[in-house]
Structures are given as structure tokens and as C-alpha cells.
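The following paragraphs guide a new reader through a structure, from single elements to the overall form. Please keep the sequence and the model in view while reading.

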Amino acid sequence: MILDVIVQDKLKRLPEHKSRISEEEMIKLATESKRTSISFYDALAKDGLSIISEFKKASPSHGKMDNKISLEDRIQQYGKSADAISCLTEEDHFNGSTDYLKQIRQMTDLPIIRKDFIIDPYQVYEAKVIGADAILLIAAILDDEQFKKLYDLAYSLGLDVLCEVHDEEEMKRMLDLDVKIIGINNRNLKTFEVDLETTRKLSGMVTSDMRDSGKILVSESGVAGTDDIKVLAKSGADALLIGTVLMEAPKPEELISEFKEVYDAARK
């Protein structure tokens, strides 16, 4: 399964990162950082639909992105219409890099989430050091003890956490752990098949009381056009994380604005 391969490759990559900056030094840099994080949570919790616009060079399901604009132009356009930015830093399967996130940090005041396959505390400290405001934790690759350790570490460093689930069992685990931000991935990371019904099905497990207490729901993956936006609008998600269609759009600012308009109209 591709997910197992990605995690194994990540385990091989970690010593490379730690050889460049030791774990002790990374912890020191993170804990002594004076930078105040920009709230990823607040960006998603505001009224109306929030869109997390992604930057990635490639993906296993799609291949290399047909990128029509420069990074600078992209981030400028995202800044005008998006609410947060997701940056892929996974090297082997998404052609990502921590350098991309560091560059983007210098270009925007939007909150940035480090999207990667995080399995080690080093990666959380590293996220803080490179300028991320949040991290992604994937339930499918972590047991509850591992998840809680990384989750608590992130919040101790002032980082928010997007907690990704794909099925009922993973959703129940996150609800039992009482996490704040739940991302429902419409793409099965084991098969890479997409089903937008995943968001509708799993969002039903989050009660109105939970929503009233501040839980945020994010629908991830699978948006190719406005018809998909209309489907997801029925789920009541607070935010959408959108990657490929924005990466390959010549004018992502206009597409993001259109998606928000369609979503709001479908919710009425």
C-alpha cells in the first residue's frame, strides 16, 4: 500500500534531517523561537467557508503539477482570496521541501500548515523552526499514544493541529481524544481512490453540541470543480483543503472566490 511505502521512506529520511541539524539543536531552536504563530484555527472558525489553498509540486495520484504561475504570483493570489496555505514538505512522493515553506513564510501573513507524514517529535520542532503555524497529523499512521504525544507537543509550541481521518474508526478515535480540528480526507490514502461521500458520512458523527463547543471540520481532497463544491456544501464543513485544481489554475484567486460563492449559495 502506498501509505506504508511513504511512511517507510519518511523513516529513511529522518536521519538525513537530523544529520543536518541535530535533534538537540532543533529542540533548542523551536523552544527559543520568538515568533508568534498565526492562528490556523481562527482562520477556519470564522463565518462562511474557509479555503486552505495548497502548494505542492507533485502527488502520487496525479504526478507532476502543471504549474502555470510563479510561486510569488501564486502566494500573492492566495493571499487575496484564501484563508490559509498548506505546504507539502514530503520529499519522495510529493517533491516537497521544508525550503518551500520557509520561502512561503516570507511572502505571506496567512497561517501555513506543514503537510507531511509526521511520525517523530523532531518533525514537530522542525515545523516550528521553519515558520509553520500548524501541522498535519494522520490518524492512519499513528496509534493513540503516538498521536497524543505529537498533538500535545505541537500545542505546547503554539502550533495548531489538523487531525486527519478517513473512516468511522479513525473519526471515533479523534472524537475520543477531543481534538479541535478534524480533517476528513476524501482520498483513501491506502488506495488513493476519492469519494466525496466520505465527508458527508463522517461529518454526521460530529454532533451539534460538539460543533457548538468549537470543533472545526475540514474536508480534504477531491475538489475538481464547482459540482464538487455543491456536494461538499451539504456536509457542513467549515473549510475545504484544495490542492491540484488550484495548483494548475492560471488564476487561482478567481477560482477560490468562485468556490466560496458556489458553496455559500448551496448552503442557503
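Contact, as the word is used here, means heavy atoms within 4.5 Å. The model under discussion is predicted.

The protein holds 14 helices and ten strands. Its radius of gyration is 17 Å, close to the 18 Å that the globule rule gives for 268 residues, so the protein is as compact as a globular protein of that length. Along the principal axes, the C-alpha atoms fill a box of roughly 50 × 40 × 40 Å. Of the 268 residues, 56% are buried. Among the contacts with a separation of 6 or more, 70% are between residues 24 or more positions apart.

Helix α6, residues 98–105, offers a place to begin. Its buried residues are T98, L101, I104 and R105. Viewed down the axis of α6, these buried residues fall within an arc of 120°, so they line one face of the helix. The elements that cover them include the helices α1 (2–20), α4 (71–81) and α7 (121–130), together with the strands β1 (50–55), β4 (84–88) and β5 (112–115). At the start of α6, a side-chain oxygen of S97 comes to within 2.9 Å of the backbone nitrogen of D99.

Attention now turns to strand β8, which spans residues 181–185. This strand is mostly covered, five of its five residues being buried. I181, G183 and N185 point one way from β8, whereas I182 and I184 point the other way, and all are buried.

Which strands pair with β8? One is strand β7 (residues 160–165), which pairs with β8 in the parallel sense over four bridges. Within this pairing, V165 has I184 of β8 as its bridge partner. Between the two strands, the chain passes from β7 through helix α9 (residues 168–177) to β8, a β-α-β crossover that is right-handed. Strand β9 (residues 216–220) also pairs with β8 in the parallel sense, over five bridges. There, N185 has E220 of β9 as its bridge partner.

Two residues of β8 lead on to T198, which has its place in helix α10 (residues 197–203). Leaving aside neighbours within four places in sequence, T198 is in contact with I184 and N185, as well as with H166 and N186. Is T198 buried or exposed? With a relative accessible area of 6%, T198 is buried, because buried means under 20%. A polar atom of the T198 side chain lies 2.8 Å from the backbone oxygen of D195.

Definitions and conventions:
Residues are numbered from 1 along each chain as its sequence is written. This is a predicted model: local features need pLDDT of at least 70, side-chain atom pairs count only at pLDDT 80 or more; totals for chains, interfaces and linings use all residues. Side-chain values use heavy atoms; hydrogens and water are left out. Buried means under 20% relative accessible area, exposed over 50%, partly exposed in between (1.4 Å probe, protein chains only). Two strands pair if DSSP finds at least two bridges between them. A crossover is right-handed if, with the strands pointing away from the viewer, the path from the first strand over the helix to the second runs clockwise. The arc is that of the directions from the helix axis to the C-beta atoms. A polar contact is a pair of N or O atoms within 3.5 Å; within protein, one must be able to donate a hydrogen and the other to accept it, and residues adjacent in sequence count only if both atoms are side-chain atoms. The radius of gyration is taken over C-alpha atoms; the globule rule is 2.2 Å times the number of residues to the power 0.38.
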